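User: I am new to this structure and would be grateful for a close look at a single part of it.

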Amino acid sequence: MIRLLTTTITLLLLFLRASTESPDARSIQILNESGRRVDVSWIHPQTEELVLQSTPDVLAGASFSLNSFVSHSFLVREMPGKKTGECEGSEGECRVDYFSVNENHDQVILIKEGIEVEHTDSKSIAVKSANTLLDECKSKADRSLKNNNDNTNPVDPLHVLDTLTACVQKGVATEIERANEEIAFQAQVRKNMASQLENYTCADETLNTTEAKRTETWRGKKVSVMIDRPASKIHTVE
């Protein structure tokens with residue numbers, strides 16, 4: 001039963017994190033926790049040529065966003081110290097590590113001390129969240145069992161099951177609420193951006209002109225107001 005609950009919660013959390021981008025496009029977040037400067041290069045799949053992606057390097061403690069596609073591979077390389085001109089690898093060698101973009105969303109690349117890459121993504125995050133939630137609920141169920149596990153007051157299995165189910169429902173509801181808040185925030189951001197960026201082009205000159213929002217008079221001439229926003233205004237004068 002616990003395994004079934006874990007699978008169900010994991011799938012739900014993955015659904016809440018689902019992306020609307022093209023099937024193979026992935027957004028990668030790189031966090032440099034190595035204490036050293038590094039650069040990030042894409043590895044050409046045929047020629048193995050390195051194409052620098054960072055500009056030009058990622059400072060210690062900094063983050064770097066990267067848009068890529070499933071199966072693309074990258075090299076993370078330590079940069080020499082500015083004062084010493086050397087890296088901290090064996091005999092001053094610059095250490096490297098690699099990572100490849102997988103099919104999961106919300107991928108995060110952590111560059112740890114020693115230039116060791118730790119790759120996490122939406123699936124592992126969802127599994128971790130589900131396991132954390134279930135561990136908390138199992139602990140509550142265990143406490144309920146211990147408090148009632150004696151001969152004079154036998155444990156009711158249905159009560160323990162109800163306690164576990166209620167705990168899981170509450171945890172999932174909290175995750176859904178957080179996801180809805182994030183969706184609402186992103187939607188509001190897009191609406192605010194839309195009011196600043198207006199596309200008004202004539203894609204087909206054979207179509208009729210868009211109907212004016214209102215008409216006014218200016219110096220005895222008719223003015224058709226097509227768009228009247230703080231960041232964009234289109235008026236036609238006849």
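Which residue in strand 6 is the bridge partner of leucine 75? Please describe the surroundings of that pairing as well.

Analyst: The bridge partner of leucine 75 in strand 6 is tyrosine 98. This answer, like what follows, rests on a predicted model.

The pairing belongs to a wider arrangement. Strand 5 and strand 6 run antiparallel to each other and are joined over 5 bridges. Both strands are part of an open sheet of 4 strands, whose order is 3-2-5-6 and whose pairing is antiparallel. Strand 3, residues 50-52, and strand 6 form the edges of this sheet, each pairing on one side only. From one strand to the next, the twist averages 35°.

The side chains add a further link between strand 5 and strand 6. The count of aromatic pairs comes to 1. That pair consists of phenylalanine 74 and phenylalanine 99, with 5.2 Å from centre to centre and 15° between the planes. The pair counts as stacked because its angle falls under 30 degrees. Phenylalanine 74 lies in strand 5 (residues 73-78) and phenylalanine 99 lies in strand 6 (residues 96-100), so the two rings tie together parts that are 25 residues apart in sequence.

Are these two rings buried or exposed? Phenylalanine 74 has a relative accessible area of 2% and is buried. Phenylalanine 99 also counts as buried, at 4% relative accessibility. The cut-off behind both statements is a relative accessible area under 20%.

In summary, strand 5 and strand 6 are connected by antiparallel bridges and by the stacked pair of phenylalanine 74 and phenylalanine 99.

Technical notes: Residues are numbered from 1 along each chain as its sequence is written. This is a predicted model: local features need pLDDT of at least 70, side-chain atom pairs count only at pLDDT 80 or more; totals for chains, interfaces and linings use all residues. Side-chain values use heavy atoms; hydrogens and water are left out. Rings of Phe, Tyr and Trp (its six-membered ring) pair if their centres lie within 6.5 Å; planes under 30 degrees apart count as stacked, over 60 as edge-to-face and the rest as tilted. Helices (H or I, at least four residues) and strands (E, at least two) are DSSP runs, numbered from the N terminus. Buried means under 20% relative accessible area, exposed over 50%, partly exposed in between (1.4 Å probe, protein chains only). Two strands pair if DSSP finds at least two bridges between them. Axes are lines fitted to C-alpha atoms, for helices over the stretch in contact, and angles run from 0 to 180 degrees between N-to-C directions.
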